[in-house]
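Colleague: Please bring up the model, and I shall ask my questions as we go.

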Amino acid sequence: MFKTLHSQIVYKNKWMKVYEDAIELPDGKTGIYGHVERSNGAFVAVVNAENEILLVKLYRYPIGQLSWELPGGGIDEGETQLEAALREVTEETGLTLDTAEPIGAFYTLNSCSAEKSHVFIAHVGDVSVSADDVSEDDEYIVEKKFMSLDTVLQMIDDGEITDCLTATVVQLVGRKLSASKM
């Protein structure tokens, strides 16, 4: 639909590249389109024996607020999606998982990035998390806890959870957990 006439990197660091492209629209008009390149991500819905979901609360600089989210982050070069997901859970929660099952993949902001987040679910049985179980790389996490599905859904409804990936995945997990009870 759009024809790229020219593309240039206008900013980059170790986490992202920002592009400004000269484009031609289908009607022949020209314009610019900015977009961001970031590594894909991997996130895990960790569910315990009581069907509670593990969330972490961390500070998000762009919005200037604390945010409840699923554990997860970027996929490092040479890592599989699953390896990244398991590493992120350990780094952010202190839990060591052996495996997790893929449940979906989502473009997190497809209007300006092709970044894709791969999502997994892991059933962990009867475990707990401690505030001290965070790697030095994730010291921005201020809280983590297992919460009932109803509580998390209410937090979405009340606007306490505003991260779109977390809100989407929690609702997906809720449907999967409901279906498994049938």
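Colleague: Which residue in β6 is the bridge partner of Arg60?

Modeller: The bridge partner of Arg60 in β6 is Gln65. This is a predicted model, in which local features need pLDDT of at least 70 and side-chain atom pairs pLDDT 80 or more, while totals for chains, interfaces and linings use all residues. Residues are numbered from 1 along each chain as its sequence is written, and side-chain values use heavy atoms, without hydrogens and water.

Colleague: How many bridges join β5 to β6?

Modeller: Five bridges join β5, residues 52-60, to β6, and the two strands run antiparallel. Strands pair if DSSP finds at least two bridges between them. The two form a hairpin with four residues between them. In the turn, Gly64 has a positive phi of about 65°.

Colleague: Which nonpolar surface patch includes Leu66?

Modeller: Leu66 lies in β6, residues 65-69, and makes a patch of about 470 Å² with Tyr59, Tyr61 and Val142. Patch members have over 30% relative accessible area and no salt bridge; nonpolar side chains (Val, Leu, Ile, Met, Phe, Trp, Tyr) are joined within 5 Å, like charges within 9 Å. Areas come from the Shrake-Rupley method with a 1.4 Å probe, and for residues only the protein chains shown count as cover.

Colleague: Why is Leu66 called partly exposed?

Modeller: Leu66 is called partly exposed because its relative accessible area is 42%. Buried means under 20%, exposed over 50% and partly exposed in between, with a 1.4 Å probe and protein chains only.

Colleague: Now to the charges. How many salt bridges does the structure hold?

Modeller: The structure holds eight salt bridges, each a side-chain nitrogen of Lys or Arg within 4 Å of a carboxyl oxygen of Asp or Glu. One of them joins Arg87 and Asp76 at 3.5 Å, N to O. Arg87 lies in helix α1 and Asp76 in the loop between β7 (72-74) and α1, so the pair ties together parts that are eleven residues apart in sequence.

Colleague: What else does Arg87 meet in a salt bridge?

Modeller: Glu79 also forms a salt bridge with Arg87, with the closest N and O atoms 2.6 Å apart. Asp76, Glu79, Arg87, Glu88 and Glu91 are linked in a network of salt bridges. Another salt bridge joins Glu143 and Lys145 at 3.8 Å.

Colleague: A different spot: is Glu115 buried or exposed?

Modeller: Glu115 counts as buried, because its relative accessible area is 11%. Glu115 sits in the loop between β8 (101-107) and β9 (116-125). Its side chain makes a polar contact with that of Arg38 at 2.8 Å. A polar contact is a pair of N or O atoms within 3.5 Å; within protein, one must be able to donate a hydrogen and the other to accept it, and residues adjacent in sequence count only if both atoms are side-chain atoms. Leaving aside residues up to four places away in sequence, Glu115 touches residues including Ser39, Asn40 and Phe106; contact means heavy atoms within 4.5 Å.

Colleague: And how many helices and strands are there in the chain?

Modeller: The protein chain has three helices and ten strands. Both are DSSP runs, numbered from the N terminus: helices are H or I with at least four residues, strands E with at least two. The order from the N terminus is β-β-β-β-β-β-β-α-β-β-β-α-α. Of the 182 residues, 36% are buried.
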